[in-house]
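Reader: Hey, got a minute to go through the cysteines in this one with me? I'd like to know how they pair up.

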Amino acid sequence: PTPAGIVDFRAVASRLRGRVDLSWGYEGAAFDGSFLVERSTNGSVWRFVRDCIQPYDAAAKVYKCSDTDLTSGTAYSYRACVVTYGTACASTDVTESVTVKAP
């Protein structure tokens, strides 16, 4: 089974134009895989954020990444999941989406 436990998933508009900073913690069981963050502008089509694919690290307290080259003024929704292979949040075990407007 896919481990659950992503907590405090946040998306915050950066001071830098066209950038959103993302962060999350993990309080689940150890696993062999990665965290994946996806974004959407319409809530139905999700695409992975390349710079936000991060391997699980038992010593990490917080994971951070940034989504860049975004269109200023556009609202983006983000969600995160655990993947053991692949580049899509195919399971139903994903965080609630967080929407933020790119600066």
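Author: Sure. For this purpose, a disulfide is a pair of cysteine sulfur atoms within 2.5 Å. Keep in mind that this is a predicted model.

Reader: OK, so how many disulfides does that rule give?

Author: The count comes to two disulfides.

Reader: Which cysteine does Cys52 pair with?

Author: Cys52 is joined to Cys65, with an S to S distance of 2.0 Å.

Reader: And what parts of the chain does that pair tie together?

Author: Cys52 sits in the loop between β4 (47-48) and β5 (54-55), while Cys65 belongs to strand β6 (residues 63-67), so the link connects parts that are 13 residues apart in sequence.

Reader: Is that disulfide right-handed or left-handed, and why?

Author: Right-handed, because the torsion about the S-S bond of Cys52 and Cys65 is about 100°.

Reader: Are those two buried or exposed?

Author: Cys52 is buried, at a relative accessible area of 0%. Cys65 is buried too, at 8%. The cut-off for buried is under 20% relative accessible area.

Reader: Switching to the other end of my list: what does Cys81 do?

Author: Cys81 forms a disulfide with Cys89, and their sulfur atoms are 2.1 Å apart.

Reader: Which hand does that one have?

Author: The link of Cys81 and Cys89 is left-handed, with -90° about the S-S bond.

Reader: Buried or exposed, Cys81 and Cys89?

Author: Both Cys81 and Cys89 are buried.

Reader: Last thing: what's the pairing pattern along the chain?

Author: Counting bonded cysteines along the protein chain, the pattern is 1-2, 3-4.

How values were computed: Residues are numbered from 1 along each chain as its sequence is written. This is a predicted model: local features need pLDDT of at least 70, side-chain atom pairs count only at pLDDT 80 or more; totals for chains, interfaces and linings use all residues. Side-chain values use heavy atoms; hydrogens and water are left out. Helices (H or I, at least four residues) and strands (E, at least two) are DSSP runs, numbered from the N terminus. Buried means under 20% relative accessible area, exposed over 50%, partly exposed in between (1.4 Å probe, protein chains only).
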